Amino acid sequence: MIFLALTFKGGTHLKQYKNTKKFPIEKMTPPSEISISMSQHIGAPCVPTVNVGDYVFQGQIIGEPAENSGCPIHASVSGKIKAITSYKDMQGRHIQTVVIENDGKYELSPNIIPTAKKLTEVTSEEIIEIVRRAGILGMGGAAFPTYAKIQSAIGKAEKLIVNCAECEPFITADHRLMLERPLEIINGTKILLKAIGSRKAYIAIEDNKMDAVEKLEEKIGKSQMIKMKILRSKYPQGDERQLVYAITKKEIPSGKLPTDVGCVVFNAETCAAVFRAFVYGMPSIEKIVTVSGDAVTTPKNVLAPIGASYRDLISFCDGLKKDPRKLICGGPMMGTAQSDLDAPITKGTSALLVFSDEMCHEEDENYTCIRCGRCVNTCPMRLMPNYLAQFSRNGRYEDCEKYDVMSCVECGTCSYSCPGHVPIVQHIRSAKEALRKKATSLPDLDKK
Ligand code: SF4
Ligand code: SF4
């Protein structure tokens with residue numbers, strides 16, 4: 001097959017470590033206790049709608065949004081509510097959780113019923129409500145409510161892009177989904193097209209997953225609505241802005257969204273979740289998580305119940321074979337370091353990585369910029385990361401703002417490329433945090 005892989009400006013080629021790509025998804029036996037976070041999506045958290053001692057069915061709603069926007073949260077197992085408690089996340093916030101004692105019966109909620117209408121008979125509003133009630137969020141890690149994304153795309157997005165790039169090293173969850181359940185992705189895409197009122201979808205996939213390209217092409221057949229687009233494997237190809245550019249050659253202006261250039265992007269697993277909600281009435285209660293890293297005994301792609309802990313996931317992968325030094329939720333480039341093994345997985349957890357000393361390098365406190373310009377050449381957002389790091393280090397946050405620090409997507413390409421070991425992203429995050437605090441701080445009235 002001859003094709004010209006699409007790409008974007010900047011970016012870098014990363015060592016892949018996708019050693020789990022040949023491992024089929026394994027369904028994890030849910031643990032005896034499940035702890036479901038009431039803060040699954042961007043925005044206000046949900047409030048529990050159950051009390052301690054209540055019996056809940058699998059798939060029953062246990063939390064509803066505190067505000068008008070947002071979607072409900074469901075029980076991933078059946079059993080008794082043991083506690084309503086909280087855990088501390090990495091930002092020090094106390095996140096409310098509903099703890100369910102798993103009775104091992106997995107009795108499905110009687111409210112889980114397939115949609116009675118065919119896709120040709122259903123309205124856009126009806127699909128949006130099905131997606132909202134199923135609690136579906138962007139499953140690539142963004143955790144933005146999918147129903148709200150559909151609403152924002154109506155009348156604006158002519159093109160729907162299915163993000164199958166999966167450009168972070170180690171993560172193979174979407175790759176396995178494409179190989180094992182391609183029809184769920186394709187049919188979910190058709191449902192989303194109907195909801196948005198758009199007629200064109202592109203399944204965008206990197207050229208290091210040609211087995212998945214073949215599988216999806218075979219299932220798409222002669223459809224004129226859905227086409228494959230093959231992308232060059234380059235980081236951060238999965239970033240929405242780079243994806244839209246690679247396919248349409250349109251740049252999304254700073255502060256704008258894909259819908260502002262006529263596109264909307266959904267992750268592959270999100271499309272599959274939409275299909276299951278529409279056809280079976282199944283809410284979002286499971287997540288495919290790649291568990292990997294050199295400290296994990298048996299790396300796997302795991303279909304895990306929402307609310308299982310990191311500890312449960314690791315023990316399903318036969319525990320650790322080396323002393324852990326770093327635990328990361330998500331990919332090594334954009335994921336977040338974790339310290340609590342008892343934290344629960346959420347709908348945005350795409351990977352759990354555990355690294356030993358051998359895979360972690362010491363931070364060099366005597367780092368220095370040698371003015372090589374590599375960070376500037378590789379930044380996909382065309383920023384000046386070297387200046388941003390320098391300004392931030394010196395507390396010159398207004399200068400960071402002038403140099404558009406808020407447009408940084410924190411992809412980490414600059415830090416990865418830097419021969420001087422400058423912790424560029426760390427400096428950028430500090431500057432963004434300082435600017436956000438300044439923007440939300442109240443004026444000092446005494447100084448008037
Ligand atoms: S890549 Fe590192 S050393 Fe090179 S200009 Fe950027 S900050 Fe300086
Ligand atoms: S400055 Fe931001 S957007 Fe640019 S490479 Fe660095 S982390 Fe990525």
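# Exercises on a predicted model

Helix α13 contributes the most to the shell around ligand 2, namely three residues. The structure is a predicted model. The exercises below work through the two ligand shells, a pair of helices and some single residues.

**Exercise 1. Describe the shell around ligand 2: how many residues surround it, and which elements give two or more residues?**

Step 1. Count the residues. Ligand 2 is surrounded by 15 residues, and the closest are Cys379, Cys408, Cys411, Thr413 and Cys414.

Step 2. Assign them to elements. Two or more residues come from each of α12 (413-417) and α13 (424-440).

Step 3. Sort the shell by class. Twelve of its residues are nonpolar, two are polar and one is charged.

**Exercise 2. Do the same for ligand 1: which residues come nearest, and which element gives the largest share?**

Step 1. Find the nearest residues. The shell around ligand 1 holds 16 residues, of which Cys369, Cys372, Cys375, Cys418 and Gly420 come nearest.

Step 2. Assign them to elements. The elements that give two or more residues here are α9 (374-378) and α10 (385-393). The largest share, three residues, is that of α10.

Step 3. Sort by class. The shell around ligand 1 consists of ten nonpolar, four polar and two charged residues.

**Exercise 3. Describe how helices α3 and α5 pack: at what angle, how far apart, and with which handedness?**

Step 1. Choose the quantities. Two packed helices are described by the angle between their axes and by the distance between those axes.

Step 2. Give the values. Helix α3 (residues 173-180) packs against helix α5 (residues 210-220) at an angle of about 35°, and their axes are 8 Å apart.

Step 3. Give the handedness. The crossing of α3 and α5 is left-handed.

Step 4. List the contact residues. On α3 they are His175, Met178 and Leu179, and on α5 they are Asp211, Ala212, Lys215 and Leu216. By class, the contact comprises four nonpolar residues, one polar and two charged.

**Exercise 4. Which residues of α3 are buried, and why is α3 described as largely enclosed?**

Step 1. Name the buried residues. They are Ala173, Asp174, His175, Arg176, Leu177 and Met178.

Step 2. Draw the conclusion. Six of the eight residues of α3 are buried, so the helix is largely enclosed by the rest of the structure.

**Exercise 5. Phe170 and Arg371 both have a positive phi. For each, state where it lies and whether it is buried or exposed.**

Step 1. Take Phe170. Its phi is about 75°, although Phe170 is not a glycine. Phe170 sits in the loop between β9 (159-164) and α3.

Step 2. Apply the cut-off to Phe170. A residue is buried if 20 or more other C-beta atoms lie within 10 Å of its own. Phe170 has 25 C-beta neighbours inside 10 Å and therefore counts as buried.

Step 3. Take Arg371. Its phi is near 55°, again a positive value in a residue other than glycine. The loop between β17 (351-355) and α9 contains Arg371.

Step 4. Apply the cut-off to Arg371. A residue is exposed if 12 or fewer other C-beta atoms lie within 10 Å. Arg371 has 9 of them, so it is exposed.

**Exercise 6. Place Lys321 and Ser417 in the structure: where does each lie, and which residues does each touch?**

Step 1. Locate Lys321. The loop between α8 (310-316) and β15 (326-329) holds this residue. Lys321 counts as exposed because it has 12 C-beta neighbours inside 10 Å.

Step 2. List its contacts. Leaving out residues up to four places away in sequence, Lys321 touches Ala295 and Thr297. From Lys321 to Val296 the separation is 25 residues in sequence and 5.9 Å in space, C-alpha to C-alpha.

Step 3. Locate Ser417. This residue belongs to helix α12. Ser417 has 19 C-beta neighbours inside 10 Å, so it counts as partly exposed.

Step 4. List its contacts. With the same exclusion of residues up to four places away in sequence, Ser417 touches Thr12, Arg374, Cys375 and Thr378.

**Exercise 7. Which peptide bond is cis, and where is its proline found?**

Step 1. Name the bond. The peptide bond from Tyr235 to Pro236 is cis, and its omega is near -5°.

Step 2. Locate the proline. Pro236 lies in the loop between β11 (226-231) and α6 (240-248).

Note on methods:
Residues are numbered from 1 along each chain as its sequence is written. Chains are lettered from A and ligands numbered from 1 in the order in which they are written. This is a predicted model: local features need pLDDT of at least 70, side-chain atom pairs count only at pLDDT 80 or more; totals for chains, interfaces and linings use all residues. A residue is near a molecule or strand if its C-beta atom, placed from the backbone, lies within 6 Å of it. Helices (H or I, at least four residues) and strands (E, at least two) are DSSP runs, numbered from the N terminus. Ala, Val, Leu, Ile, Met, Phe, Trp, Tyr, Cys and Pro count as nonpolar, Asp, Glu, Lys and Arg as charged, and the others, Gly among them, as polar. Axes are lines fitted to C-alpha atoms, for helices over the stretch in contact, and angles run from 0 to 180 degrees between N-to-C directions. A crossing is left-handed if the near helix is turned anticlockwise from the far one by less than a right angle, and right-handed if clockwise. Two residues are in contact if their C-beta atoms, placed from the backbone, lie within 7 Å.
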